[in-house]
Amino acid sequence: KGELRMQSLTFDDAGMYQCIAENTHGIIYANAELKIVASPPTFELNPMKKKILAAKGGRVIIECKPKAAPKPKFSWSKGTELLVNGSRIRIWDDGSLEIINITRLDEGRYTCFAENNRGKANSTGVLEMTEATRITLAPLNVDVTVGENATMQCIASHDPTLDLTFIWSLNGFVIDFEKEHEHYERNVMV
């Protein structure tokens, strides 16, 4: 195939590489530059979110995406406790932390530590639990004669500190009440 594969690159491998393809009709050249990047982990461009919200009983993924080369090893702590993979907690290969079945005990300061052979860095955020949003009155199936009107209801409970938005869709397509105001009407009950 004309491939050149290199393993365990070092700074000495950096430079301009040239591929030469030749047959009885002639010869052609193609050039490419190989740069070797190495840097300690840094969160300057992509810090962890300072405040992370998670629904009670739900699941949260806290991202940890420092810039680093080579890829760093990750570890996590909650306060002063070092976290390890378990039944509810999992540290992904990309550094993200996943927590399932969220409870009040999961609230607190989470720190991601990233380390490679060039250095180490960390970033911290605070996890807060919110009440889960639940549909308390779901729309019901309705049989309507052609030409008549139909009304469907949807009521939900939610954490009072968060805003709630209802989105209606028809066959998987979101209804645009601005464009289709002659056919659909949204009634908001307070």
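Asn171 is exposed, with a relative accessible area of 70%. In this predicted model, Asn171 sits in the loop between strand S15 (169-170) and strand S16 (173-174). Its backbone is unusual in one respect: Asn171 has a positive phi of about 50 degrees, although it is not a glycine. Most residues other than glycine have a negative phi.

Ser8 also has a positive phi of about 50 degrees without being a glycine. Ser8 is located in the segment before strand S1 (15-23). Is Ser8 buried or exposed? With a relative accessible area of 71%, Ser8 is exposed, because exposed means over 50%.

Another backbone feature appears at a proline. The peptide bond that leads from Ala69 to Pro70 is cis, and its omega is near 0 degrees. Most peptide bonds are trans. Pro70 belongs to the loop between strand S6 (67-69) and S7.

**The five-stranded sheet**

Strand S7 is also part of an open sheet of five strands, whose order is S4-S12-S11-S7-S8. The pairing in this sheet is mixed. Strands of a sheet pair through backbone hydrogen bonds, either parallel or antiparallel. Which strands stand at the edges? They are strand S4 (51-55) and strand S8 (81-83). Each has a single partner strand, so one side of each is left without a neighbour in the sheet. Neighbouring strands of this sheet are turned against each other by 35 degrees on average, direction ignored.

At one edge, S4 pairs with strand S12 (residues 119-130) in the parallel sense, over five bridges. In this pair, Ala55 stands opposite Thr130 in S12.

S12 also pairs with strand S11 (residues 108-116), here in the antiparallel sense and over nine bridges. Ala114 is found opposite Ala121 in S12. S11 and S12 make a hairpin, and two residues lie between them.

At the other edge, strand S7 (residues 73-78) and S8 run antiparallel and are joined by three bridges. One residue of this pair is Ser77, whose bridge partner in S8 is Leu82.

**A pair of strands earlier in the chain**

Strand S1 and strand S2 (residues 26-34) pair in the antiparallel sense, over nine bridges. How many residues join S1 to S2 in their hairpin? The hairpin connects S1 to S2 through two residues. Within this pair, Tyr17 has Ala32 in S2 as its bridge partner.

The strand pairs described above can be set side by side.

| Strand pair | Sense | Bridges | A residue pair |
|---|---|---|---|
| S1 and S2 | antiparallel | nine bridges | Tyr17 and Ala32 |
| S4 and S12 | parallel | five bridges | Ala55 and Thr130 |
| S11 and S12 | antiparallel | nine bridges | Ala114 and Ala121 |
| S7 and S8 | antiparallel | three bridges | Ser77 and Leu82 |

**The annotated domain**

An unreviewed UniProt entry carries the annotation "domain: Ig-like" for residues 41-128. What is the helix and strand content over residues 41-128? The chain there is 0% helix and 56% strand. The C-alpha atoms at the two ends of this stretch are 27 Å apart.

**Pockets**

Rolling a probe the size of a water molecule over the atoms shows where empty space is left. The largest pocket holds about 1,100 Å³ of space. It is lined by 29 residues, and the closest to its centre are Ala150, Thr151, Met152, Trp168 and Glu185. Strand S14 (155-157) and S15 each supply at least two residues of this lining. Sorted by class, the lining of the largest pocket has 16 nonpolar, nine polar and four charged residues.

The second largest pocket has about 220 Å³ of space. Which residues lie nearest its centre? They are Pro47, Met48, Lys49, Ile62 and Glu63, out of 13 lining residues. S4 and strand S5 (59-62) are the elements that give two or more residues to the lining of the second largest pocket. The largest share comes from S4, with three residues. S4 is thus named in two places, as an edge strand of the sheet and as a contributor to the lining of this pocket. By class, the lining of the second largest pocket divides into eight nonpolar, one polar and four charged residues.

Conventions: Residues are numbered from 1 along each chain as its sequence is written. This is a predicted model: local features need pLDDT of at least 70, side-chain atom pairs count only at pLDDT 80 or more; totals for chains, interfaces and linings use all residues. Side-chain values use heavy atoms; hydrogens and water are left out. Two strands pair if DSSP finds at least two bridges between them. Helices (H or I, at least four residues) and strands (E, at least two) are DSSP runs, numbered from the N terminus. Axes are lines fitted to C-alpha atoms, for helices over the stretch in contact, and angles run from 0 to 180 degrees between N-to-C directions. Buried means under 20% relative accessible area, exposed over 50%, partly exposed in between (1.4 Å probe, protein chains only). UniProt positions are given in the numbering used here, feature names are shortened, and annotations may be inferred rather than shown by experiment. On a 1 Å grid over the protein atoms alone, a cavity is a set of points where a 1.4 Å probe fits but cannot get out, and a pocket is an open set with protein on both sides within 12 Å along at least five of seven lines; lining residues have an atom within 4 Å of a point. Grid points are joined across faces, edges and corners, and a volume is the space filled by probe spheres set on the points. Ala, Val, Leu, Ile, Met, Phe, Trp, Tyr, Cys and Pro count as nonpolar, Asp, Glu, Lys and Arg as charged, and the others, Gly among them, as polar.
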